[in-house]
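Here is a walk through some of the local geometry in this one, written for someone who likes angles and distances. Have a look at the model first, then read on.

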Amino acid sequence: MEIYVVKPGDSVDSIAQELDADAGQIIYDNQLVYPYELAVGQALLINRFRREAVRAVMVSGYAYPFISPWVLEQTLPFLSELRVFSYGFTLYGDLLPPSYGDDTWMIPEAERFGTQPVLTLTPFGPDGNFNNQLIHSVVNNAAYTDNLIRNLLEVMGEKGYRGVDIDFEYIMAQDRDAFTAFVWQVAEAMRGAGYHTSVALAPKTSAGQTGLLYEGKDYRGLGEAADYVLLMTYEWGYTYGPPMAVAPLNQVRRVVEYALTEIPAEKIDLGIPNYGYDWPLPYERGVTKADTIGNVEAVRIAVEQGAEIRFDDVAQSPYFTYTDNGIAHEVWFEDVRSLQAKFDLMQEYSLHGCGYWQIMEWFRANWVLLQNQFYILK
């Protein structure tokens with residue numbers, strides 16, 4: 001197993017010959033498309049054999065009910081948990097099914113591969129965005145909390161879910177302690193019924209970090225309440241922000257190092273993005289909107305545009321620029337180099353595992369690299 005960075009003049013055949021590797025395996029693992037053109041600076045995974053286990057990790061992945069059945073089938077063998085996105089709730093704690101489609105088919109499919117199906121709970125309002133008034137209503141009213149827990153247990157029992165993941169964002173600072181108490185209550189009820197509870201945490205770097213994303217999340221309290229947590233270590237580069245790495249390693253490390261002062265390593269999962277962004281330039285705040293793209297798609301764009309892929313050593317992330325129809329673009333995405341850096345961070349701090357947002361796009365090289373890096377517990 002090694003990572004090869006394409007040089008000018010390289011071809012799949014010349015690389016295979018140089019490295020004594022199988023050209024067909026390189027094409028397959030890296031999802032190359034005929035006639036197998038390469039981009040200068042492209043990182044290729046060269047997989048010769050499966051490594052022995054380094055240690056056991058838990059791997060989760062979020063998926064909408066409209067995921068391609070083929071993509072789900074390909075991904076499930078690598079997952080410990082399938083987190084179905086997502087269930088909502090009303091101001092009074094009535095549970096709402098996913099608005100993105102029927103989730104029923106995903107549960108037996110997960111079980112077929114020994115993967116635990118997990119119900120993801122989010123406070124989405126009618127506009128499809130996170131709504132902190134929903135959170136405020138439920139976490140501050142005992143009857144509404146009880147109603148929501150009762151509904152959760154009923155649906156989980158009927159459908160066969162094995163756990164619940166609480167993904168609440170933009171919690172108001174005034175609801176910080178009430179939200180922690182809510183997670184405690186959910187987790188205790190779940191444990192009593194034989195289920196587990198996880199909670200997604202915005203990427204804080206200090207206890208007193210200001211901002212709507214951060215002030216309502218008590219790392220220590222939530223780490224004690226839940227069975228484990230997911231650090232949402234992505235979205236530094238995002239749809240409406242300036243071009244930059246989605247999950248720059250220097251920033252990810254800061255979040256992990258702070259989290260370890262509040263939560264035991266054996267309860268922490270590292271969030272990993274399975275996507276990139278393509279920004280039109282020049283960037284104008286409040287106007288420019290990036291397109292979300294898959295990691296394989298990003299490389300194909302580079303190949304089609306004749307762009308050279310560069311690698312930021314600080315962010316440990318690949319990027320490139322190109323011009324199409326007179327419009328300049330800047331693209332940041334994930335490749336096996338940036339993923340290896342995140343896996344190394346997981347090992348460095350002996351974290352519990354990792355969680356992918358999201359698994360809607362198939363990125364084979366990621367899973368091959370992960371499989372050779374860790375033994376995955378089912």
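## Cis peptide bonds

Proline 35 sits in the loop that runs between helix H2 (23-29) and strand S2 (43-46). The peptide bond leading into it, from tyrosine 34 to proline 35, is cis, with omega near 10°. Keep in mind that this is a predicted model, and that the angles here come from its coordinates.

There's a cis bond to look at further along the chain too, and this one has no proline in it: the bond from tryptophan 357 to glutamine 358, with omega near -15°. Glutamine 358 is in a loop as well, between strand S16 (353-357) and H12.

## Positive phi values

If you're scanning the backbone torsions, glutamate 235 is worth a stop: its phi is near 75°, which is positive even though the residue is not glycine. You'll find glutamate 235 in the loop between strand S9 (228-231) and helix H9 (249-262). Its relative accessibility is 34%, so it counts as partly exposed.

Glutamine 316 is another non-glycine residue with positive phi, in this case near 50°. It belongs to the loop joining strand S13 (310-312) and strand S14 (317-324). With 22% relative accessibility, glutamine 316 is partly exposed.

## Aromatic pairs

How many aromatic pairs does a search of the whole structure find? The count is 29. One of them joins tyrosine 62 and phenylalanine 85, with 6.2 Å from centre to centre and 85° between the planes, an edge-to-face arrangement. The partners come from distant parts of the chain, 23 residues apart: tyrosine 62 is in strand S3 (residues 56-63) and phenylalanine 85 in strand S4 (residues 81-89). Both tyrosine 62 and phenylalanine 85 are buried.

Now for phenylalanine 343 and phenylalanine 374: stacked or edge-to-face? Their ring centres are 5.9 Å apart and the planes meet at 80°; planes over 60 degrees apart count as edge-to-face, so this pair is edge-to-face. Phenylalanine 343 is in helix H11 (residues 336-348), while phenylalanine 374 is in the loop between helix H12 (364-373) and strand S17 (375-376), so the pair ties together parts 31 residues apart in sequence. Phenylalanine 343 is buried at 0% relative accessible area, and phenylalanine 374 is buried at 1%.

## A cluster and a charge over a ring

Tyrosine 62 and phenylalanine 85 turn up again as members of one aromatic cluster, together with Tyr64, Phe66, Tyr100, Phe124, Phe130, Tyr170 and Trp357. Trp357 is also the residue on the N-terminal side of that cis bond to glutamine 358.

Elsewhere, an aromatic ring is paired with a charge. Arginine 364 has its charged end over the ring of tyrosine 28, 3.8 Å from the ring centre.

## Helix H5 against helix H6

Two packed helices are described by the angle between their axes and the distance between the axes. For helix H5 (residues 132-139) and helix H6 (residues 142-159), the axes come within 6 Å and cross at roughly 100°. Angles of 65 to 115 degrees count as roughly perpendicular, so that is the label for H5 and H6.

Which residues make the contact? On the H5 side they are Ser137, Val138 and Val139, and on the H6 side Tyr144, Thr145 and Leu148. By type, the contact of H5 with H6 has four nonpolar residues, two polar and no charged.

## Two glutamines and a phenylalanine

Glutamine 340 is part of helix H11. Its relative accessible area is 17%; buried means under 20%, so glutamine 340 is buried. Setting aside residues up to four places away in sequence, glutamine 340 touches Ile3, Leu369 and Gln373.

Glutamine 305 belongs to helix H10 (residues 295-305) and is partly exposed, with a relative accessible area of 31%. Beyond neighbours within four places in sequence, glutamine 305 is in contact with Tyr322, Thr323 and Asp324. Glutamine 305 and proline 123 are 41 Å apart, C-alpha to C-alpha, and 182 residues apart in sequence.

Phenylalanine 113 lies in the loop between helix H4 (106-112) and strand S6 (116-121). Its C-alpha atom is 8.7 Å from that of leucine 79, which is 34 residues away along the chain. At 22% relative accessibility, phenylalanine 113 is partly exposed.

Conventions. Residues are numbered from 1 along each chain as its sequence is written. This is a predicted model: local features need pLDDT of at least 70, side-chain atom pairs count only at pLDDT 80 or more; totals for chains, interfaces and linings use all residues. Side-chain values use heavy atoms; hydrogens and water are left out. Rings of Phe, Tyr and Trp (its six-membered ring) pair if their centres lie within 6.5 Å; planes under 30 degrees apart count as stacked, over 60 as edge-to-face and the rest as tilted. Helices (H or I, at least four residues) and strands (E, at least two) are DSSP runs, numbered from the N terminus. Buried means under 20% relative accessible area, exposed over 50%, partly exposed in between (1.4 Å probe, protein chains only). A charge sits over a ring if NZ of Lys or CZ of Arg is within 6 Å of the ring centre and within 35 degrees of the ring normal. Axes are lines fitted to C-alpha atoms, for helices over the stretch in contact, and angles run from 0 to 180 degrees between N-to-C directions. Angles under 35 degrees count as roughly parallel, over 145 as roughly antiparallel, 65 to 115 as roughly perpendicular and the rest as oblique. Contact means heavy atoms within 4.5 Å. Ala, Val, Leu, Ile, Met, Phe, Trp, Tyr, Cys and Pro count as nonpolar, Asp, Glu, Lys and Arg as charged, and the others, Gly among them, as polar.
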